[in-house]
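Student: Hey, I've got a protein open on my screen and no idea where to start. Could you walk me through it?

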Amino acid sequence: MSIQPENIAVIRKAGIIAVVGNAVLAIIKLVAGFISGSAALIGDGIDSTGDVLIGAMTLIVAKIISKPADPEHPWGHGRAEAIATAALSFIIFFLGAQLIVNSVTNLIDGQSPMAPSVLALIVTVISIVGKIILARSQFILGKRAGSSMIQANGKNMTGDIMISLGVLFGLIVSMLTGTGYADSIVAVAIGAWIVWTAIGIFLEANLELMDGSKDLEPYKEIFDAVASVEGASNPHRARMRRIGGLWDISFDIDVDPNLTVYDAHLIAEELEDEIRLRMEDVADIMIHVEPPGDDQDEEFGVSEEHTSSDKGSTE
């Protein structure tokens with residue numbers, strides 16, 4: 001399956017905005033951090049540098065997933081997005097861990113610089129405003145393109161806003177007390193936040209790579225569609241997975257065993273149309289028809305009994 005050209009264009013736009021916006025913020029924060037002596041602001045700048053890498057990776061992935069399916073990749077290249085997201089989570093994790101190690105080392109060694117200057121305060125306020133704009137743009141564009149990677153980047157930038165607010169608090173305390181200890185402590189907290197964000201992004205990407213699902217609500221849409229089509233019953237062995245923001249769906253249904261192959265095909269075709277009316281971003285639907293009572297050896301997939309029991313997610 002291939003990603004729609006308009007979605008590719010949106011992903012590229014989101015990537016360009018992320019690269020340019022975060023590059024400007026990263027340079028400003030790193031320069032101001034070194035000049036003012038704020039470890040927390042330097043850490044915030046490092047985090048923005050990671051966001052630049054995410055934006056750059058977005059542009060690369062947009063090119064890869066735009067390729068059509070081929071014999072070697074019959075489902076297309078949409079998985080590249082989840083793979084890139086998982087890889088980026090490791091980069092973000094490393095940046096956060098490195099910041100924690102450096103800040104803790106400074107605190108243990110008793111290296112407490114002078115309180116940061118007003119310059120750091122001004123740059124942090126600029127960073128907060130800039131991150132709010134960038135995060136909002138990523139959420140809007142990510143939703144429009146159905147891109148998990150762009151939406152994950154939006155979540156990451158929302159976390160960056162909290163980071164910058166923490167930096168602002170640390171700077172104010174350091175300036176009031178005249179020491180840099182508070183700034184270093186905040187830097188450790190920022191590093192922990194970055195690590196936590198990286199873990200969350202990895203788990204999101206891993207869920208898609210493992211063909212998992214957070215909830216069973218989408219399956220209810222399928223089962224409701226089956227109930228609305230005459231001649232179709234007992235939907236079972238349903239499996240849904242996301243590939244590049246698009247749904248790949250397969251499931252079995254029972255039909256009258258006395259029907260001709262053509263009539264059974266018409267029922268499956270009507271059901272497919274009904275599902276596409278009820279759900280967005282559906283790339284492919286595979287429906288297997290069989291006579292009633294042929295599902296006794298069912299070993300995998302989701303059935304109506306699973307959605308009615310509300311047991312949670314499926315893998």
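Tutor: Sure, we'll go from the overall layout to the sheet, the helices and a few single residues.

Tutor: One thing to keep in mind is that this is a predicted model.

Student: Okay. How many helices and strands are there in the protein?

Tutor: The count is nine helices and three strands. Read along the sequence, the pattern goes α-α-α-α-α-α-α-β-β-α-β-α.

Student: And what percentage of the residues is buried?

Tutor: Of the 315 residues, 45% are buried. Also, take the contacts between residues at least 6 apart in sequence: 75% of them join residues at least 24 apart.

Student: Cool, now the sheet. In what order do the strands sit?

Tutor: The order is β1-β2-β3, in an open sheet with mixed pairing. β1 and β3 are at the edges with a single partner strand each, so each has one side without a neighbour in the sheet. From one strand to the next, the twist averages 15 degrees.

Student: What holds strands together in a sheet, generally?

Tutor: Strands pair through backbone hydrogen bonds, and the pairing can be parallel or antiparallel.

Student: So do β1 and β2 run parallel or antiparallel?

Tutor: Antiparallel, with seven bridges joining β1, residues 233-243, to β2. For instance, I243 has L246 in β2 as its bridge partner.

Student: And β2 with β3, parallel or antiparallel?

Tutor: Those two run parallel, and eight bridges join β2 to β3, which covers residues 282-290. You can find F251 opposite I287 of β3.

Student: Is β2 mostly covered or mostly open?

Tutor: Mostly covered: β2 spans residues 246-254, and nine of its nine residues are buried. L246, D248, S250, D252 and D254 point one way, while W247, I249, F251 and I253 point the other way, and all are buried.

Student: Which helix packs on the sheet and touches β1 and β2?

Tutor: That's α7, and its direction makes about 140 degrees with that of β1. Then there's α8, which lies across β2 and β3 and runs at about 145 degrees to β3.

Student: How do α7 and α8 sit relative to one another?

Tutor: The axes of α7 (residues 217-228) and α8 (residues 261-278) come within 9 Å and cross at roughly 135 degrees. That angle makes α7 oblique to α8. The crossing of α7 past α8 is right-handed.

Student: Which residues make that contact?

Tutor: On α7 they are E221, I222, D224, A225, V226 and S228, and on α8 they are L271, E274, I275 and R278. Sorted by class, the contact has five nonpolar, one polar and four charged residues.

Student: Let's switch to another helix pair. What about α2 and α4?

Tutor: Their axes come within 11 Å and cross at roughly 30 degrees, with α4 covering residues 118-145.

Student: Why do α2 and α4 count as roughly parallel?

Tutor: Because angles under 35 degrees count as roughly parallel, and the α2 and α4 axes cross at roughly 30 degrees. So α2 and α4 are roughly parallel to each other. α2 passes α4 in a left-handed crossing.

Student: Which residues touch there?

Tutor: α2 brings L41, D44, S48 and D51, and α4 brings A120, V123, T124, S127 and K131. By class, that contact has three nonpolar, three polar and three charged residues.

Student: I clicked on V52. Where is V52?

Tutor: V52 is in helix α2, residues 39-65. Leaving out residues up to four places away in sequence, V52 touches V19, N22 and A23. The C-alpha atoms of V52 and A23 are 5.9 Å apart, although the two residues are 29 residues apart along the chain.

Student: Last topic: backbone angles. What sign does phi usually have?

Tutor: Most residues other than glycine have a negative phi. Here, N234 has a positive phi of about 50 degrees even though it isn't a glycine. R237 isn't a glycine either, and R237 also has a positive phi of about 50 degrees.

Student: Where is N234 found?

Tutor: N234 is found in strand β1. R237 is in strand β1 as well.

Student: How exposed are N234 and R237?

Tutor: N234 is partly exposed, with a relative accessible area of 30%. R237 is partly exposed too, with a relative accessible area of 25%.

Notes. Residues numbered from 1 in each chain as written. Predicted model: local features only at pLDDT ≥ 70, side-chain atom pairs only at ≥ 80, totals over all residues. Heavy atoms only, no water. Axes fitted to C-alpha atoms, helices over the stretch in contact; angles between N-to-C directions. Helix = DSSP H or I, 4+ residues; strand = E, 2+ residues; numbered from the N terminus. Parallel < 35°, antiparallel > 145°, perpendicular 65-115°, else oblique. Left-handed = near helix turned anticlockwise from the far one by under 90°. Contact = heavy atoms within 4.5 Å. Nonpolar A, V, L, I, M, F, W, Y, C, P; charged D, E, K, R; others polar. Buried < 20%, exposed > 50% of the residue type's maximum accessible area, 1.4 Å probe, protein only. Pairing = 2+ DSSP bridges.
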